[in-house]
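Q: I'm new to this one, so please take a close look at one part for me: the aromatic rings and how they pair up. Then walk me outward from there.

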Amino acid sequence: MKVKRKLKALIAMLICMVTVLGSTMVSNAADNPYPTTQDWDGDGNYEVPCTRFAWQQVYDNLGIALPAWGNAVNWLDNARNAGYSTGNVARANSVAVWSGDGAGHVAYVTSASGNTFTVNEGGRTDLDHTSSHGVAYGYTLTNAVGEARPYDPGKILIGFIYFSDVPTVEVSLTWGNEDCQWDTTNAYMYAEADTNVSGSFTEAGITVWNEAGGVVASKSENPGITGTHLNVWYNITNDTGVVLEQGTNYTYQFYTVFNGTRYEGAVHSFRTNGPSVNSWTQELSISDWTYGQEASVPSASAKYGDVVYTYSTEENGEYTAEVPQSAGTYYVKASVAEAPDQYTGLEAIKEFHIYKAVPSYTVPENITATYGQTLADVTLDGRFVWMDNTQTVGDVGEKSFLATYVPEDSINYSFVNNIEIPVIVQPKDLSDMDLSGIDKDTDLNSYELKDGDTVLIKDTDYTITSVKDGDAVTVTVEFMGNYTGTAQTTYSLKDDSQIQTDNKNDNTDSSKNTDNKNADDTKTEKDSDDTKVPQTGDTSPIAVWAVMIALSGLAAGMVFKKRITDR
């Protein structure tokens, strides 16, 4: 039992699938003028309409694409008007037509015997037999013309449409009473279409083109008219949302689809009121250039009128015909003057630039500096300035430092940065270094020499030697590396007591006085020199020595004179 139930369920499912697929095929048929589904009784269930299904059955079985004949109740009359044969006897491959319920009903007859015939039909057919999705195949009923359909007394059979002979009546459609009114930005069109046979107007519309042939507006709709006459009228702005341009030429054409064939009216033209709206056919453009080059020429063109160019330093400033020459930012205006009753004016503004030129210059040569200086101490020729004048020149040798060239005409020429300028760094001359602090008690190996606040390094910055000649010792400093020059000093090996003894052994007063004076001077000098450290640029010991030497000479002269006098 369970196997049989499952088998029955499977069969039922297959039947349902076949029915649904059949319904889908009908609803997707190409060129069928009727809706795919319809809710006949408002219960929320949508079925394939009987008119769509019957149209498709005729097409699939006989290859005839019927026109749209409207509601089912109208099929019999419309078919007769279209040249098809009709009658009261059921025939295979005919269409049965019922009236009633407002819209009526149609079904495709697959076989017939007297008043008994079998149909394939769509629509709400489950009132008198089982159907799926409003489609039933192979339903047999007995119904005579003039009688109500069984189980559906609201429908009366009114006849059959035969397709054994396709009508040869040639359909013609003519357009008449075409009219167009317009204003500045809108147009209103009207036309009538008439045919020689009754049928269905399933589509109607209008197309509007501009002067260039481009579609600017169109309207398409289903008028839902069955018969031989159609009226169409359109408000372009209201019906298409398009606002036409004033003073512009347009063309338009009506069309309709009648019984599946498209019929087009004649092409007409009109021109909206007012001057033509001007427009740019080539947008304003201009290329930048560099000072000293030939000026660029602006370019633009308009639909109507000649273009005039003017220039200004401000976008909203005063424009003149003078072409700018100096470097800077400028604006060019392209203008087309309005021609009353012909076309409107135009104006466009474009920014452009005249760039500063790069100046020509010659890199300075033979620039020298001294070790220990900064670039601020090094003067450059011409219009060059150091980019960082706080930079030290560094060790002795040839270096390169970055400078900027400042043009005399800074409006039209740009500054040039990062120019490498070679600089020869020379050693610093310390020949004038004061060494008076060196005496017999000085340890030359630990003696400290300075260049300002910089302590010099022995055997790197200098060498120091001493040469003894009797009681006199001469100390010589030779500078090297980042320094140059030679400094010397001489001191005596005699101590103060030895000097005093020598003075006492002198028999002349003048010699004694002189020797005492020298001893005092030597002591004073030693006392002061014990606290001294040589510094670059310190000249006070030199001055003291000069005074001492002068006084000693004067004293010696006086003693020598006295001795001569005493003799």
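A: Let's start with the rule: rings of Phe, Tyr and Trp (for Trp, its six-membered ring) make a pair if their centres lie within 6.5 Å, and the pair is stacked when the planes are under 30 degrees apart, edge-to-face when they are over 60, and tilted for the rest. By that rule, the count here is 26 aromatic pairs. Take tryptophan 175 and phenylalanine 254: their ring centres are 6.0 Å apart and their planes meet at 25 degrees, so this pair is stacked. Tryptophan 175 belongs to strand β8 (residues 173–182) and phenylalanine 254 to strand β12 (residues 249–258), so the pair ties together parts that are 79 residues apart in sequence.

A word on what you're looking at: this is a predicted model, where local features need pLDDT of at least 70 and side-chain atom pairs count only at pLDDT 80 or more, while totals for chains, interfaces and linings use all residues. Residues are numbered from 1 along each chain as its sequence is written, and side-chain values use heavy atoms, with hydrogens and water left out. As for the strand and helix names, they are DSSP runs numbered from the N terminus: helices are H or I with at least four residues, strands are E with at least two.

Back to the two rings. Phenylalanine 254 is buried at 0% relative accessibility, and tryptophan 175 is buried too, with a relative accessible area of 17%. (Buried means under 20% relative accessible area, exposed means over 50%, and partly exposed is in between, using a 1.4 Å probe and protein chains only.) The two rings also have company: Trp175, Trp182, Tyr234, Tyr250, Tyr252, Phe254 and Phe270 form one aromatic cluster.

Strand β12 also holds glutamine 253. That glutamine 253 is buried, with a relative accessible area of 15%. Not counting residues up to four places away in sequence, glutamine 253 touches Gly205, Ile206, Thr207, Trp209, Glu264, Gly265, Ala266 and Val267, where contact means heavy atoms within 4.5 Å. Its C-alpha atom is separated by 6.8 Å from that of valine 208, although the two residues are 45 apart along the chain.

Aromatic rings can have charges over them as well. The rule is that NZ of Lys or CZ of Arg is within 6 Å of the ring centre and within 35 degrees of the ring normal. The charged end of arginine 91 sits over the ring of tyrosine 162, 3.8 Å from its centre, and arginine 149 lies over the face of tryptophan 98, at 4.9 Å from the ring centre.

Arginine 149 has a second partner: it forms a salt bridge with glutamate 121, with the closest N and O atoms 2.7 Å apart. Strand β6 (residues 148–149) holds arginine 149 and strand β4 (residues 116–122) holds glutamate 121, so this pair ties together parts that are 28 residues apart in sequence. Both arginine 149 and glutamate 121 are buried. (A salt bridge is a side-chain nitrogen of Lys or Arg within 4 Å of a carboxyl oxygen of Asp or Glu.) The count of salt bridges comes to ten.

Another of them links lysine 155 and aspartate 152, the closest N and O atoms being 3.1 Å apart. Lysine 155 is buried at 11% relative accessibility, and aspartate 152 is buried with a relative accessible area of 10%. Salt bridges that share partners join Asp101, Asp152 and Lys155 into one network. Arginine 80 and aspartate 77 make a bridge as well, at 2.9 Å between the closest N and O atoms. These two are three residues apart in helix α3 (residues 75–81), which puts about one helical turn between them. Arginine 80 counts as partly exposed, at 42% relative accessibility, and so does aspartate 77, at 44%.

Finally, the wider frame. There are seven helices and 31 strands in the chain, and 37% of its 567 residues count as buried. Among contacts between residues at least 6 apart in sequence, 54% join residues at least 24 apart.
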